[in-house]
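Biologist: Walk me through this one, please. I'll keep asking how you know what you say, and you set each value against its definition.

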Amino acid sequence: MKKYLLFFSFLLLALYSCKDDNGVDSGPAAVSFAVPSANLTEEVTDVVISFSQTTSAAGTITLGVAETEAEYGVDYTTSPAGSASQLTVPFEAGVSKVVFKFNKLVPAVEGEVKNVKYTINAISTNYEIKGNTTTVLNFNETALTGKSLAPQVGGPSQANQVYIDLSSGAMTTVPRISWDLGFYSGNEFRVILNNSVKMSAKSLNSTNLATVVTEDNTMLISQGSGSVDQIDNPTGVITGTAIAEVSANDAENSVYLINLGSNPSSTVPPLGSPAADSGSHRGWKKVRILRSANGYKFQYADLNATTFNEVIIDKNAAFNFNFFSFTANAAVNVEPQKEKWDLNFTTFTNIFGGNTPYFFPDFVVNNSRGGALAYSVSTADFSFDSFTMANVDQSKFINDQRGIGSSWRGTSAPGPDGNPMSQFVLKTDVFYVLKDPAGNIYKIKMTGGALPNLERGHPTFVYSLL
Amino acid sequence: MRIKSLIFSLCCANGFVMNAQVDSLEQSIDDTRLEELVITGQFEPQSIKKSVHNVRVISDADIKNLAANNLTDVLNQYLNISVSSNEQSGKSSASLFGLDSQYFKVLIDNIPVVSDTGLGTNVDLTQINLDNVERIEIIEGSMGVTHGANAVSGILNIITKKSSKYDWELSASVQEETLGKEFSFFDKGRHIQSFKASHNLSENWYASVGVNRNDKRGFFDDRKGIDHPVNNDGRGFRQLPKEQLTTNTTIGYQKDETRIFYKFDYLNETVTFYNPVVVPIVNYPFPETYFSHDKRFLTNRYFHHLNYYGKLFNDLIFNVSLSHQKQQRDEEFFQYHFAEKEERANDRNVYHSKEVFYSTGTVTNITKSKKVDLQLGYEFVNENSFANASTGVFLDNVSQANGIRKRLENYDVYAIAELNFTDRFSLRPGFRYSFQSKFDDQYSYSIGSRYLFDKGVEARLSAGYAYRTPNFDELYTYMVDSNHNIQGNQDLVTEKSNYIEANVKKNTSFKSGLTMYNSVSSGLMFVDDRISTVLISQEPTLSYKYINIDTYKMWNIASENRFGYKNWNFSAGLSLIGVSQQLSNNVSGSTSDDRFLYTFNINTALSYQLPEYQTQFTVYFKHNGKTQEFADISSPGESNFVLSELESYNWIDASVRKTFFNGKFETMIGARNLLNVVTLQRSTTSSIGGGAHSASGTTLLGVGRSYFVKLTYNLNF
């Protein structure tokens with residue numbers, strides 16, 4: 001009997017193994033203002049307070065109030081009603097946000113600093129107060145102090161360019177194929193190509209636009225092919241355009257063969273892959289550009305044409321460029337005014353390895369021509385949350401529109417078999433500092449670029465004014 | 001015959017298998033010892049000396065001394081085999097004579113064992129558990145007549161235990177192993193538990209059951225494991241965690257000339273891939289939360305085998321096996337959410353599956369003559385295979401990914417004669433004809449001879465022809481889009497192989513008690529119509545197709561030597577393998593250099609036993625020589641074959657085994673990879689133009705020096 005006991009106790013020892021179950025630890029629920037600041041453009045504004053999880057019980061939130069040149073009951077009221085120092089907002093069980101209404105009674109005078117600042121002081125249930133613990137409501141238009149944005153670049157084909165103005169939170173969306181050439185409005189007489197569709201330009205060393213010319217497939221840009229001399233300098237420096245400066249002397253303005261690049265693909269790629277440049281080829285044009293007073297005389301034709309069209313395009317100092325579309329056969333609006341945008345979410349023809357044009361989806365351009373400059377910060381040096389104005393290094397703002405560029409993401413991940421597979425990979429160890437044309441400095445954290453199912457072309461980011 | 005089989009079963013019962021490779025504790029060496037019996041490729045179990053085939057044996061003792069849980073653990077030490085592991089999935093496969101596991105067949109009790117993509121071939125060695133194994137027999141070279149398709153470079157036959165001399169045998173063991181320096185009772189290292197019970201139900205009936213759990217946690221190396229929500233390539237494991245549960249059941253019946261057994265083996269395996277990429281979920285104004293796209297592979301294998309051995313009409317001996325086997329590998333995708341430590345959106349699909357109905361049988365003793373015996377045999381194979389689109393790239397004409405489901409059948413018959421001209425000289429010709437459902441009918445043939453000289457000298461000469469059938473990827477891959485054009489080829493024919501081997505060995509016993517075994521063998525192999533992906537055009541896109549085009553030549557010379565003296569046993573093997581492969585590039589019309597590239601291997605084993613302390617010390621050493629091969633890295637307009645070289649390395653395993661209380665309690669401690677080889681350098685140099693292309697990389701070989709402790713409790717009564 002003893003030996004059985006010994007045996008079975010040994011057996012028990014042998015079968016000791018059991019897995020330690022991972023405990024569920026989702027952290028306590030939290031409460032925050034939806035945004036840290038807002039401009040009161042309407043008479044009545046909804047102020048949103050968010051919960052990180054739906055509330056399990058009803059309760060109240062106690063807000064502190066700090067008034068600047070505004071008085072409760074005179075300049076504004078709230079619903080539910082509060083006082084000059086406190087506002088209590090009740091909430092129900094099972095909600096993910098609660099709203100109070102802010103009624104603006106007396107608008108601000110131009111240039112006046114007039115606002116009301118709310119602070120979450122207490123909540124009756126067991127919630128952590130974090131995120132935007134305060135919100136400032138400005139009676140005048142004032143630079144926003146932060147927000148989360150999701151530019152609609154259009155999924156895997158990334159068919160759109162989205163221009164962002166951080167200070168207003170405004171986003172302007174235009175199809176990438178809506179324009180072909182941009183005529184510079186600054187001092188120089190320069191013309192840019194639409195580098196979001198892989199365009200290229202080559203001088204034909206002739207001034208006769210009526211000559212029939214043929215396509216030149218060496219100009220096409222794909223992996224390992226194309227010439228850096230035929231694309232605009234990717235830094236965005238205006239003197240680096242593929243088309244030489246338009247001379248006052250017409251005889252010096254050559255005919256250029258223009259490769260219009262590729263359309264976004266119309267077919268859906270495998271999840272994880274982009275389809276930004278795999279559409280049909282957009283065709284060819286020949287162009288010649290001359291000066292016309294303080295503007296441009298633009299001549300263009302199909303390759304086999306012996307006649308050509310001509311339009312006059314003036315400079316407009318409020319914009320970086322005036323744009324022209326061969327498809328529309330007319331000048332078109334693309335960029336917002338040059339001081340009204342900071343970032344452009346787009347695709348981009350960059351230079352790779354020094355001498356090869358290389359096409360990048362998921363690119364972010366800063367408006368360097370309008371004065372918006374950006375640089376990256378490693379989380380090894382500063383955390384995003386603790387980064388302040390004192391940490392800004394002004395010397396890092398250099399004149400390059402690729403301050404963010406593609407550095408915020410990778411596009412390949414090791415698969416289960418060890419071989420790399422196409423997948424959007426957000427870099428979580430980097431964030432960015434941007435100085436806008438008005439001199440406001442923001443910190444920007446990219447928070448995503450693909451849907452949970454891996455579909456590309458869904459960027460998101462948060463930013464906050466320093 | 002009756003006496004022979006009695007001796008055989010006694011041998012089995014004792015676990016008293018004589019072998020000279022490395023001795024077991026129980027074994028004593030003297031001149032009157034029982035002859036070692038082998039089964040593989042024989043009409044009847046017979047002495048290794050009389051076998052016409054050159055059979056190599058890995059004994060139960062070797063398996064014990066290596067604390068081997070699965071085939072990988074033992075084959076690491078086998079001379080001509082090199083074991084390669086996929087560093088990520090932990091799958092490991094054998095290659096023999098430089099030919100991969102598609103040319104090498106793994107059998108359990110003479111039945112090829114199903115794998116994800118093969119029957120006997122492409123076996124993941126880690127999925128072959130060695131818990132109930134008596135010994136392993138290996139025959140190198142062409143075995144197409146006795147073992148059918150794909151037995152090109154050799155076969156490995158695992159002989160399981162089917163009887164016991166005790167009424168009850170119970171055994172339980174635990175084995176704890178480090179993975180390199182990593183170990184903890186739950187989250188790191190390798191943890192094995194096993195339990196076995198066998199019982200003689202009556203004079204005629206025998207039953208045994210066994211369970212084995214092999215829990216190999218992930219190998220971290222510099223990685224951070226599961227809960228690491230940062231995108232810096234830190235998440236996950238260097239080697240994936242793998243958990244296996246195997247069970248084996250045997251029921252045996254034996255009466256007079258009749259022996260019947262039924263075996264059921266079950267394998268359940270889970271391998272989980274933790275993606276290094278973490279995906280944020282925007283939750284503004286709250287901080288982002290993260291999840292990862294993870295994936296696990298779940299494998300189930302069911303192996304049924306019913307065997308009936310008996311006599312017909314008093315004389316004819318028949319041996320029939322029926323087998324049904326199924327292996328299915330599923331892939332399950334899921335999202336791992338870090339905040340909640342929770343899996344969501346689980347989605348499970350079949351990845352590979354293979355179901356096999358198999359039967360083989362032989363009739364012998366037809367002539368009733370000692371001089372001439374004839375064996376007639378058949379082998380029926382019905383395989384139903386499925387491969388998910390994501391396993392290869394199987395697209396249809398509108399580029400939709402499609403799984404491939406195919407049934408392959410072959411019905412083979414074969415005849416082998418054993419002509420014993422004298423007691424010394426035997427000749428063994430054989431022929432097999434195979435009726436194939438998918439391919440043209442095939443055949444194989446072989447001829448073997450053996451001569452026994454005086455003074456323990458044996459000589460063998462054999463030759464054979466065997467074939468390999470094309471696999472799924474080779475037949476059905478279809479990946480055509482704007483950038484790719486890779487196509488399988490349903491018109492592929494089988495690869496054809498010829499092999500010749502000569503072998504001389506000598507057993508010597510000296511009065512001093514020294515015993516010596518020396519063997520020299522040399523073989524030559526040609527494989528024609530080798531299948532390869534070949535660039536067939538460059539316009540408009542690079543197009544590749546699988547074609548029967550390459551040739552492969554191999555010759556080797558190997559010597560195996562064993563010495564026994566008192567409590568010492570020593571063995572040493574040397575092997576030189578030369579491979580010549582010509583690779584062709586259809587577009588440029590160029591071919592690679594076809595000179596022979598050589599690999600030199602050495603294995604040695606030394607054991608010493610202290611009977612008074614019931615203790616045994618064993619050290620195994622293997623030198624794996626540098627390996628070279630040509631690779632085609634041609635680009636459009638330029639053909640380029642490069643020589644890729646993997647550096648040599650040495651591998652040492654060592655163990656100490658001690659038993660207590662009359663063998664009831666057994667302890668073992670040991671180390672694997674004592675020299676701590678972790679990575680190997682692979683270099684590539686250009687063979688044309690010289691130096692224009694060169695690259696190097698490292699290959700992860702293993703987890704580094706690891707230690708194990710094994711405790712076993714045996715209760716026999």
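Modeller: Let's start with pairing: two strands pair if DSSP finds at least two bridges between them. Helices (H or I, at least four residues) and strands (E, at least two) are DSSP runs, numbered from the N terminus. This is a predicted model, where local features need pLDDT of at least 70 and side-chain atom pairs count only at pLDDT 80 or more, while totals for chains, interfaces and linings use all residues. Residues are numbered from 1 along each chain as its sequence is written, and chains are lettered from A, with ligands numbered from 1, in the order in which they are written.

Biologist: What makes β2(A) and β10(A) a pair?

Modeller: The rule asks for at least two bridges, and three join β2 (residues 37–39) to β10 in chain A, so they pair. The two run parallel, and Ala38(A) has Leu137(A) as its bridge partner.

Biologist: Which way does β8(A) run against β10(A)?

Modeller: Antiparallel, with five bridges between β8 (residues 115–123) and β10(A). One pair to look at is Asn115(A), which sits opposite Asn138(A) of β10(A).

Biologist: Why is β10(A) described as largely enclosed?

Modeller: Burial is a neighbour count: a residue is buried if 20 or more other C-beta atoms lie within 10 Å of its own, exposed if 12 or fewer, and partly exposed in between, with C-beta atoms placed from the backbone. In β10(A), residues 134–138, four of the five residues are buried, so the rest of the structure largely encloses the strand.

Biologist: And why is Arg190(B) called buried?

Modeller: Arg190(B) has 21 other C-beta atoms within 10 Å and the cut-off is 20 or more, so the label buried applies. The residue belongs to strand β11 (residues 190–200) of chain B. Contacts are pairs whose C-beta atoms, placed from the backbone, lie within 7 Å. Leaving out residues up to four places away in sequence, Arg190(B) touches Glu177(B), Leu179(B), Asp215(B) and Lys216(B).

Biologist: How do you know whether Glu612(B) is buried or exposed?

Modeller: Same kind of count: 6 other C-beta atoms lie within 10 Å of Glu612(B), and exposed means 12 or fewer, so Glu612(B) is exposed. Look for Glu612(B) in the loop between β32 (597–610) and β33 (615–624) of chain B.

Biologist: Back to chain A. Which strands are the edges of the open five-stranded sheet, and what makes them edges?

Modeller: The order is β5-β7-β3-β1-β9, with mixed pairing. The edges are β5 (76–79) and β9 (128–129), since each pairs on one side only. At the β5(A) end, four bridges tie that strand antiparallel to β7 (residues 97–104), and Tyr76(A) is bridged to Lys104(A) there.

Biologist: What makes the set around Leu75(B) a nonpolar core?

Modeller: A nonpolar core is a set of buried Ala, Val, Leu, Ile, Met, Phe, Trp, Tyr and Cys residues joined through C-beta atoms within 7 Å. The largest such set has 64 residues, and Leu75(B), Leu107(B) and Val113(B) have the most contacts inside it. Beyond four places in sequence, Leu75(B) touches Ile81(B), Val83(B), Ala94(B) and Leu125(B). There's a second, separate core of 45 residues, with Trp341(A), Val377(A), Phe424(A) and Phe461(A) among them.

Biologist: How does chain A compare with a compact globule?

Modeller: The radius of gyration is taken over C-alpha atoms, and the globule rule is 2.2 Å times the number of residues to the power 0.38. For 466 residues that gives near 23 Å, but chain A has 28 Å. Chain A is also divided into domain 1 (30–142) and domain 2 (149–465), with bounds from an automatic or database domain assignment. Their C-alpha centres are 40 Å apart.

Biologist: How do you know which parts to trust?

Modeller: By pLDDT, the predictor's confidence in each residue, from 0 to 100. Chain A averages 87, with 92% of residues at 70 or more; chain B has a mean of 85, and 89% of its residues reach 70 or more. Residues 1–34 of chain B stay under 50, and so do residues 14–26 of chain A. Where pLDDT is low, the predicted coordinates should not be read in detail. For the complex, the predictor gives an ipTM of 0.76 and a pTM of 0.80.

Definitions and conventions
Two residues are in contact if their C-beta atoms, placed from the backbone, lie within 7 Å.
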